[in-house]
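Student: I have the sequence and the model open. Could you take me through it, beginning with a single side chain?

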Amino acid sequence: MAIKFSNFEKIVRNAHRFTEAESQLTISHPFDLRDIHSDLPLDVRRLFDNGHYAQASFEAFKYVDEEVQHISGGHDHGTKLMMSALGGASPTIKLNPGMTTSEKDEQEGFKFLFAGATLAIRNPRGHKTGLKDDPDMCLDHLSLASLLLRKLDEVGLR
């Protein structure tokens, strides 16, 4: 004699298949998908998760600024700091030996990337109220902050 199960019993008996399949799925955070630098302050992720995208970008670039200030021993902030720490004939923060034209160009380029990010991303979010970013724009900003931090990591400055 075959046992007949109700529809409900069939569902219950097969429920493990759904939970097992669900546990196989890995849902990644956008920070993981974009490989956002893990040293950014936890507030950056919290602000992002709560929808405060402009503030998350601002906090990330404040952190970059503080890192450059710490490494260079400078007292300035923002663009002035970036230009002095990464620029000139003998920069405080040397990203490479600076012997070839290519190395000098790279140093100069990163000086402008650091300074430009300060001007274009950090400053408006620090001086203007009501600025709203969308998640993708914020992730782009955080990717740039990550690139800058990784460049400092790459040369052993952090």
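Student: How accessible is Asp-35?
Tutor: Asp-35 has a relative accessibility of 48% and so counts as partly exposed. Buried means a relative accessible area under 20%, exposed means over 50%, and partly exposed lies in between, with a 1.4 Å probe and protein chains only. Please note that this is a predicted model: local features need pLDDT of at least 70, side-chain atom pairs count only at pLDDT 80 or more, and totals for chains, interfaces and linings use all residues. Residues are numbered from 1 along each chain as its sequence is written, and side-chain values use heavy atoms, with hydrogens and water left out.

Student: Which residue forms a salt bridge with Asp-35?
Tutor: The partner is Arg-150, and the closest N and O atoms of the pair are 3.4 Å apart. A salt bridge here is a side-chain nitrogen of Lys or Arg within 4 Å of a carboxyl oxygen of Asp or Glu.

Student: Where do Arg-150 and Asp-35 lie?
Tutor: Arg-150 is in helix H7 and Asp-35 in the loop between H2 and H3, so the salt bridge ties together parts that are 115 residues apart in sequence. Helices (H or I, at least four residues) and strands (E, at least two) are DSSP runs, numbered from the N terminus. Arg-150 is partly exposed, at 32% relative accessibility.

Student: How many salt bridges are there in the whole structure?
Tutor: The search finds nine. One of them joins the side chains of Arg-34 and Asp-140, at 2.8 Å from N to O. That pair links distant parts of the chain, 106 residues apart: Arg-34 is in the loop between helix H2 (30-33) and helix H3 (42-49), and Asp-140 is in helix H7 (residues 135-154).

Student: And which residue does Glu-106 meet in a salt bridge?
Tutor: Glu-106 meets Lys-151, at 2.8 Å from N to O. Because Glu-106 lies in helix H6 (residues 101-127) and Lys-151 in helix H7, the pair ties together parts 45 residues apart in sequence.

Student: Is Lys-151 buried or exposed?
Tutor: Lys-151 is buried, with a relative accessible area of 7%. Shared salt-bridge partners join Glu-106, Lys-151 and Glu-154 into one network.

Student: Changing topic: what is Ser-146 in contact with?
Tutor: Leaving aside neighbours within four places in sequence, Ser-146 is in contact with Asp-35, Ile-36, His-37 and Leu-40. Contact means heavy atoms within 4.5 Å. Ser-146 lies in helix H7 and is buried, at 1% relative accessible area.

Student: How do the axes of H4 and H7 cross?
Tutor: The axes of helix H4 (residues 53-72) and H7 come within 9 Å and cross at roughly 10°. That makes H4 roughly parallel to H7. Axes are lines fitted to C-alpha atoms, for helices over the stretch in contact, and angles run from 0 to 180 degrees between N-to-C directions. Angles under 35 degrees count as roughly parallel, over 145 as roughly antiparallel, 65 to 115 as roughly perpendicular, and the rest as oblique.

Student: How do the residues of that contact of H4 with H7 divide?
Tutor: They divide into 16 nonpolar, two polar and one charged. Ala, Val, Leu, Ile, Met, Phe, Trp, Tyr, Cys and Pro count as nonpolar, Asp, Glu, Lys and Arg as charged, and the others, Gly among them, as polar. The H4 residues include Phe-61 and Val-64, and those in H7 include His-141 and Leu-144.

Student: Finally, where does Ile-121 lie?
Tutor: Ile-121 lies in helix H6 and counts as buried, at 9% relative accessibility. Ile-121 and His-141 are 20 residues apart in sequence and 7.4 Å apart in space, C-alpha to C-alpha.
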